[in-house]
Amino acid sequence: MTIDSAPIPVTLRWAVRLLWVEAAVVGLIAVWLVWADLTATRTDLLAALLVTVFAVGAAVALWALGRALLRRQAGARAPAIVLQLMLLPIGWFMIQAGLGWLGVPLMVFGLGVAWLLICPPTTRALGFE
């Protein structure tokens, strides 16, 4: 369902912006992975390609979800929330590996964007109330 009558609330605009920032960062990681795949002297080609394709797919998905949310397509909210919640175990394993300086902000970022997607103004703008 798409609802276009009222202005887009600030919470939804910020959620979309942050999804696009996340897509850009993952896209940069994907570019680095392509470069690493091409310049590696020894590698497991299948594993390298799978990781690279996953990163490219994640970047495209985040960008597309942000675009769909900007158009107020309610069906894009749940997948966007799931992708944000996936940052929790990633951040947790980073903390366990001694990268708390990166893991903690990643977890906070994911929870923050998820909150923006479920807060009342966003919920109303997407037609859930």
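User: In this predicted model, what volume does the largest pocket have?
Analyst: A pocket here is an open set of grid points, where a 1.4 Å probe fits, with protein on both sides within 12 Å along at least five of seven lines, and a volume is the space filled by probe spheres set on those points. On that basis, the largest pocket of this predicted model has a volume of about 620 Å³.

User: Which helix gives the most residues to the lining of the largest pocket?
Analyst: The lining comprises 21 residues, with Glu-22, Val-26, Ile-29, Leu-87 and Ile-90 lying nearest the centre of the pocket, and it divides into 19 nonpolar, 1 polar and 1 charged. Helices H1 (10-39), H2 (45-70), H4 (87-96) and H5 (100-118) each supply at least two of the lining residues. The helix that gives the most, with 7 residues, is H2.

User: Which helix gives the most to the largest nonpolar core?
Analyst: This core has 20 residues, and those with the most contacts inside it are Leu-12, Leu-19, Leu-69, Ala-80 and Leu-117. At least two core residues come from each of H1, H2, helix H3 (77-85) and H5. The helix that gives the most, with 6 residues, is H1.

User: Is Ala-64 buried or partly exposed?
Analyst: Ala-64 has its place in helix H2, and its C-alpha is 9.2 Å from that of Ala-23, although the two residues are 41 apart in sequence. Buried would require under 20% relative accessible area and exposed over 50%; because its relative accessibility is 42%, Ala-64 counts as partly exposed.

Conventions
Residues numbered from 1 in each chain as written. Predicted model: local features only at pLDDT ≥ 70, side-chain atom pairs only at ≥ 80, totals over all residues. Heavy atoms only, no water. 1 Å grid on protein atoms, 1.4 Å probe; cavity = no way out; pocket = protein on both sides within 12 Å on 5 of 7 lines; lining within 4 Å. Helix = DSSP H or I, 4+ residues; strand = E, 2+ residues; numbered from the N terminus. Nonpolar A, V, L, I, M, F, W, Y, C, P; charged D, E, K, R; others polar. Core = buried A, V, L, I, M, F, W, Y, C linked by side-chain atoms within 4.5 Å. Buried < 20%, exposed > 50% of the residue type's maximum accessible area, 1.4 Å probe, protein only.
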